[in-house]
Amino acid sequence: MGLLDVRPYDREFYETQLKPWLPERIFDCHTHIWKSDLILNNGKKRRSPSTWPALVAKDNPVEDLVQTDAELFPDNRVTSCLYSQVSVNIDLSRANPYVAACAEKLGFPALYVSHPSQSADEVERGVASSPAFRGLKVYLSYAPDYIPDSEIRIFDFLTHEHLALADRHGWIVQLHIPRPGRLADPVNYRQIAEIEEKYPNVRLIIAHLGRAYADEDVGDALDFLKDSKTTIWDFTANTNQNVMERVLEKFGPDRFIYGSDFPIFRMKARRRSENGFYINEVPKGLLGPSEIVLKDGHMREIDYPEADRITFFIYEEMASAIRAMHKLGFGKDDIEKIFWSNSAKLFGIN
C-alpha cells in the first residue's frame, strides 16, 4: 500500500482536471520536511490558533515527500524547495542541516529557516553552509514571546538586519504574514510595501496569497500594492479562485507561483468560506476522533457517501488556480509559468 489513499475518484480528478494542463515538470516552492526526533520537548505552546495542520502528519521525512509527489503526480516530475517545519518546538540547529543534506542529495533548492534572535553574521553563515540554500524562510511564531499573537508585525520576526543582509545577497525571502486580519490588515500590506521599497534586491514571496483564504481577507491590500514591481505571490494552501483572480488581475501570471505546503495539503479536504471564515470539510474519521478534530473551528466533518467525493486538498488548490487562469484568458503557456518556469527561474533550476 502507498503512503496515500489514492482512490478511483482521485485518479479521475487528476486525469481530467489537472493532467491536461499541468506541465511535465512542476516546481513546488513550499514544502516542509522534518523527522520526529528533531522536535524538542521544550514545553513551548503553538502560537497559531489553528490546530488542524498538526493532525495531518507527525513528521515528513524527505522520503515521504518524494513518495507523496510520485503518488499524486504519476505523470509529472516535481522539484521541491525544501525547508524545515517552523513550529516553536523544532530544533533549527539540526533541522536546517537536515534540510540542506536532503536538498543536496536530491539536487533541490532549499531555504534556511531563520530566527529573529540570530545575528546577521549567524544567518549569513547558515545560508552559506550549503549551496542548496537560496535565502530565508521566516515565520511569525518566532516573534518575541511578550508580543501577543494578534499584535505581531512582520518586522518582529523578519528583522531589518536580516532584510539588509538578504538585500545585499539578493536572497529569496518567503514570508508568512501575521495578524488576524491577514492580507487585509494595513499593518501587513504597508510593511510589505516597505520591504520592497527599502530592500529592492530581496526577492520577496508572499506565502498563501497573504493567507487570504476568504474573499474578505483581501481588503484594500491589492489596491495599495498595485504599483509593486517585484513581490511574488505563492498560492500555496489556498483554494479561493476569487482571490487568485484578483491577484492575477493586478500582477499577472509572471509573479504567481505554485506551492503545496506538504505534508499538510496531502490530506483529503475541500474548503469553503462562511462570513469571511474559512472551513475545511474533511471526511469523517480521516484525522482522528471528532472531539479532537472539531476543537478547531476551521474544521467540519463530512460523512459518507458524500465524503467519497472529497479528493486531495492539493488537487483542489491546483484546480482552482487552473480555473482562475482560464477565466482570465490565460493559456497553457501561462499555466506552465505558474507551475514551473517562474519558480525554476527564481530558484535557479534548469
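Below, a trainee and a mentor talk through the pockets, core, cysteines and a few helices of a predicted model.

Trainee: Hi! Let's begin with pockets. How much space lies in the largest pocket?

Mentor: About 1,100 Å³, and remember that this comes from a predicted model. The pocket is lined by 47 residues, and those closest to its centre are Arg46, Ser48, Ser50, Pro53 and Tyr139.

Trainee: Which helices or strands each supply at least two residues of that lining?

Mentor: Strand E1 (25-32), helix H8 (208-211) and strand E10 (277-283).

Trainee: And how do the lining residues of the largest pocket divide into nonpolar, polar and charged?

Mentor: There are 22 nonpolar, 13 polar and twelve charged residues.

Trainee: What volume does the second largest pocket have?

Mentor: About 360 Å³. Its lining has 19 residues, with Asp5, Met267, Lys268, Leu286 and Phe312 closest to the centre. By class, that lining holds 13 nonpolar and six charged residues, with no polar ones.

Trainee: Switching to closed spaces: how many cavities of 30 Å³ or more does the structure hold?

Mentor: One. The largest cavity has a volume of about 30 Å³.

Trainee: Which residues line the largest cavity?

Mentor: Ile195, Glu196, Tyr199, Pro200, Val202, Leu204, Thr230 and Thr231. Sorted by class, five are nonpolar, two polar and one charged.

Trainee: Now the inside. Which residues of the largest nonpolar core touch the most other members?

Mentor: That core has 118 residues, and the ones with the most contacts to other members are Phe73, Leu82, Leu175, Trp233, Phe339 and Phe347. Helix H12 (residues 313-327) gives the core its largest share, nine residues. As background, nonpolar side chains tend to be buried together in soluble globular proteins.

Trainee: Can we zoom in on Trp233? What does Trp233 touch, not counting residues up to four places away in sequence?

Mentor: Trp233 touches Leu183, Ile206, Leu209, Gly210, Leu222, Leu225, Val247, Phe251, Arg255, Phe256 and Ile257.

Trainee: Cysteines next. How many disulfides does the structure hold?

Mentor: Zero. Cys29, for one, is in no disulfide, and the nearest cysteine sulfur belongs to Cys81.

Trainee: Why is there no bond from Cys81 to the closest cysteine sulfur, in Cys29?

Mentor: The two sulfurs are too far apart for a bond, because 7.1 Å separates the sulfur of Cys81 from that of Cys29, whereas a disulfide needs the pair within 2.5 Å.

Trainee: Is Cys29 buried or exposed?

Mentor: Cys29 is buried, at 0% relative accessibility. Cys81 is buried as well, with a relative accessible area of 0%.

Trainee: Where does Ala344 sit?

Mentor: Ala344 is part of helix H13 (residues 332-347). With 5% relative accessibility, Ala344 counts as buried, since the cut-off is under 20%.

Trainee: What is Ala344 in contact with, leaving aside neighbours within four places in sequence?

Mentor: Phe27 and Ile349. There is also a long-range pair to look at: Ala344 and Ser80 are 264 residues apart along the chain, and their C-alpha atoms are separated by 10.0 Å.

Trainee: Last one, helix H6. Which residues of H6 are buried?

Mentor: In H6 (residues 160-169), His162, Leu163, Leu165, Ala166 and Asp167 are buried. These buried residues pack against helix H4 (120-128), strand E4 (133-138), helix H5 (154-157), strand E5 (172-175) and helix H7 (186-198).

Trainee: And what phi does Gly170 take just after H6?

Mentor: Gly170 has a positive phi there, of about 70°.

Note on methods: Residues numbered from 1 in each chain as written. Predicted model: local features only at pLDDT ≥ 70, side-chain atom pairs only at ≥ 80, totals over all residues. Heavy atoms only, no water. Buried < 20%, exposed > 50% of the residue type's maximum accessible area, 1.4 Å probe, protein only. 1 Å grid on protein atoms, 1.4 Å probe; cavity = no way out; pocket = protein on both sides within 12 Å on 5 of 7 lines; lining within 4 Å. Points joined across faces, edges and corners; volume = space filled by probe spheres on them. Helix = DSSP H or I, 4+ residues; strand = E, 2+ residues; numbered from the N terminus. Nonpolar A, V, L, I, M, F, W, Y, C, P; charged D, E, K, R; others polar. Core = buried A, V, L, I, M, F, W, Y, C linked by side-chain atoms within 4.5 Å. Contact = heavy atoms within 4.5 Å.
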